[in-house]
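Dear colleague,

I am handing over the structure we spoke about, and below it you will find an account of what turned up in it. Please read the account with the coordinates open beside you.

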Amino acid sequence: MPAVHHKLLLEEALQDSPQTRSLLSVFEEDSGMLTNYTNQLLQALQRVFGAQSEMGLATEQLSQQLLEYEKKNFALGKGDEEVISTLQNFAKSVGELNSLHSELATQMADSMVFPLIQFREKDLTEVSTLKEIFGIATDEHEAAMVKYSRLPKKKENEKLKSDMMKEVAYTRRKLHQASLQYYCALNALQYRKRIAMLEPMLGYTLAQIGFFKKGIELVSKKMDSFLNSVSNMTQNIQAQLDVEAEAMRVTHKELLSGDDTVYMPDRDTEPVNRTLIQKAGYLNIRNKTGLVTTAWDRLFFFTQGGNLMCQPRGAVAGGMVLDLDNSSVMAIDCEDRRYCFQITSPSGKTSMILQAESKKEYEEWICTVNNISRQIYLTDNPEAVAIRLNQTAIEAVTPITSFEKRPEGSPNPDRAKPGGLHTSSGGSQTGAALEPEDLIAPGTPIQFDIMLPASEFQDQNRAGGRRTNPFGETDDECSAETDDSLLQQVFAVRFLGSMAVRCGKNQEVIYEAMRQVLAARAIHNIFRTTESHLMVTSSNLRLIDPQTQVTRLGFQLGEVCQFAAHQENTRLMGFVVEDRDWSDGGEEGEPTFSAFVFESNTEGEKICYTISLAKDITEAKKDPEALAQLMKNMPLTNDGKFLLLDTETGNHSNGEGNEDLESEA
């Protein structure tokens with residue numbers, strides 16, 4: 001007799017995944033159909049017991065009812081061929097034993113009707129009761145999770161948080177206990193239903209043989225071996241049930257003996273895995289319910305290949321929500337909820353805001369989406385590639401939050417020197433494609449923020465916004481050219497990072513710098529940026545603090561040797577600045593290059609076009625005729641400056657709304 005292959009895994013009761021719920025619905029469907037069939041079979045047995053005068057008709061109906069078991073198509077009934085064939089043999093025997101006596105009533109009541117009534121009243125009723133308890137526990141857990149998810153972030157009440165966490169743990173434990181009891185009952189029902197189908201007929205047949213003396217010898221000779229096999233079959237099933245019940249009892253006890261922290265949200269003990277390329281779990285998703293109102297729904301999300309999938313509870317399969325290839329993910333502040341992040345499609349037209357249950361889940365989801373967006377899953381060994389890229393990126397980048405000298409002991413200081421790449425064409429390679437090591441030295445530090453020294457900040461405030469540039473330029477040089485500037489355009493940008501590079505005449509160095517800066521931000525969980533104003537004039541570039549109007553960075557146009565916008569993410573742009581290293585004592589100094597990466601509120605091409613026009617104006621100033629021709633071809637404002645675009649920062653001119661923002665890069 002083969003064992004029952006279909007059962008609910010008790011280990012999955014706590015996770016309560018949609019797959020487990022879907023399998024549970026199949027068991028519930030099977031239980032409901034079994035209840036209906038049991039009632040019908042019991043009615044047939046009672047008719048045999050009570051309708052002696054119509055015994056022939058009653059036994060015929062019983063025979064037909066036994067044959068109906070094969071036609072019921074139970075959801076979990078596959079593999080019951082032996083039971084079906086046994087019931088068919090019983091149906092044939094019932095057709096032969098169509099003459100009963102009144103002396104059979106007592107024995108039939110004890111061995112035929114009572115076992116099935118006991119099965120219905122005990123086992124089926126227990127399953128029905130546990131189903132109601134399971135549903136109540138599910139509703140209480142959902143209600144507790146909704147209240148927990150609404151805990152305020154800014155004004156966190158420790159007592160309220162503790163009470164809510166205890167409530168979540170209590171309801172989760174209650175749901176876990178109800179799930180385990182319900183699963184055990186459904187698993188046991190698969191064995192008990194087989195006994196319940198066979199035991200009444202075994203008792204009925206034995207009663208017929210015991211009391212029908214006239215034909216007992218003939219009947220027993222034909223059915224002894226068959227009845228013995230049926231008896232052995234029920235004993236084997238009962239033995240399997242006993243073994244399975246003991247195993248479930250042990251598992252049940254082990255699962256409930258764990259630490260209570262397993263029920264606590266946001267109590268993760270394992271470290272964050274930043275190399276995942278697959279992730280699954282429950283998340284809260286924000287949905288708009290009106291023009292200004294929103295609602296949060298708790299759904300099960302998982303990744304499949306390069307897609308983000310969502311599967312409602314009880315659904316057989318999930319549906320695609322968003323294509324993650326080349327998408328962007330960032331942490332955001334959303335209302336009063338914690339652990340929120342946003343996923344945006346490459347086009348920027350589709351985005352969704354999700355909330356994780358814990359900090360570990362929050363960080364792992366961000367890292368997983370970032371890994372999938374780089375299409376690592378398409379490689380032959382994606383897990384190894386993800387681990388290698390993560391380890392390589394950690395070793396290659398070092399987060400620095402202020403302008404500082406390179407620390408002692410940094411890897412390969414000579415090789416990492418920005419001017420370390422020399423070619424016959426004057427500092428840049430042309431022709432063959434350059435390797436990343438030829439553009440940026442491995443181990444080059446990355447600066448993620450611009451921090452002005454306090455003395456310099458005070459000097460600029462005393463000077464009315466004038467500054468002493470940390471890169472060596474003087475205010476006099478900047479002021480002289482700003483006063484008669486023919487071009488003055490301001491863009492709202494966010495500084496993402498800067499790093500030393502090896503050449504300044506190749507756009508590939510900008511793209512490589514963008515890649516390393518964005519990878520470093522993802523690895524080190526640096527998602528927050530500060531908005532600044534990038535002013536492009538016909539003489540220089542200046543990065544201005546919108547609140548204090550202090551110039552954070554400033555470069556002469558002649559120092560900007562290369563600039564470009566990202567080829568796919570058009571909001572990213574960067575430029576390379578050339579400087580001189582006088583530490584060697586040479587007369588001219590060795591050229592050094594630094595790449596700066598920004599994210600703009602508009603297309604990076606517009607900023608690059610403005611810088612290009614500024615350089616054209618600078619060159620045209622040398623020739624009055626060329627300058628006049630340039631001004632003739634370009635529209636001008638009333639004050640004689642070149643008219644390009646509307647200023648993006650008009651809404652922030654007073655320094656309002658310049659709080660820290662999250663980069664979509």
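**Contacts, rings and cores**

Leaving aside residues up to four places away in sequence, arginine 120 touches Thr38, Asn39, Leu42 and Thr125. Please keep in mind throughout that this is a predicted model. Arginine 120 belongs to helix 4, which spans residues 104–149, and one of its partners, asparagine 39, is 81 residues apart from it in sequence although the two C-alpha atoms are 7.8 Å apart in space. The relative accessibility of arginine 120 is 26%, and because buried means under 20% and exposed means over 50%, this residue counts as partly exposed.

Turning to the aromatic residues, the structure holds eleven aromatic pairs. In one of them, the rings of tyrosine 282 and phenylalanine 300 have centres 5.3 Å apart and planes at 80°, so the pair is classed as edge-to-face. This pair links distant parts of the chain, since tyrosine 282 lies in strand 1 (residues 280–288) and phenylalanine 300 in strand 2 (residues 294–304), with their positions 18 residues apart in the numbering. Tyrosine 282 has a relative accessibility of 15% and therefore counts as buried, and phenylalanine 300, at 4%, counts as buried too. The ring of tyrosine 282 also has the charged end of arginine 298 sitting over it, 4.4 Å from the ring centre. Elsewhere, ring pairs join Phe495, Phe555, Phe575, Phe596 and Phe598 into a cluster.

As for the interior, nonpolar side chains tend to be buried together in soluble globular proteins. In this model the largest nonpolar core has 63 residues, and Leu62 and Leu66 are those with the most contacts inside it. The elements that give two or more residues to this core are helix 1 (18–50), helix 2 (55–71), helix 3 (81–96), helix 4, helix 5 (158–211) and helix 6 (216–256), and helix 5 provides the largest share, 20 residues. If you would like one residue to start from, leucine 66 touches Tyr37, Leu41, Leu87, Phe90, Ala91, Val94 and Met201, again not counting residues up to four places away in sequence. There is also a second, separate core of 27 residues, which includes Leu486, Val536, Phe575 and Val577; among these, Phe575 is also a member of the phenylalanine cluster described above.

With best wishes

Terms used
Residues numbered from 1 in each chain as written. Predicted model: local features only at pLDDT ≥ 70, side-chain atom pairs only at ≥ 80, totals over all residues. Heavy atoms only, no water. Helix = DSSP H or I, 4+ residues; strand = E, 2+ residues; numbered from the N terminus. Buried < 20%, exposed > 50% of the residue type's maximum accessible area, 1.4 Å probe, protein only. Contact = heavy atoms within 4.5 Å. Phe/Tyr/Trp six-rings, centres within 6.5 Å; stacked < 30°, edge-to-face > 60°. Lys NZ or Arg CZ within 6 Å of the ring centre and 35° of its normal. Core = buried A, V, L, I, M, F, W, Y, C linked by side-chain atoms within 4.5 Å.
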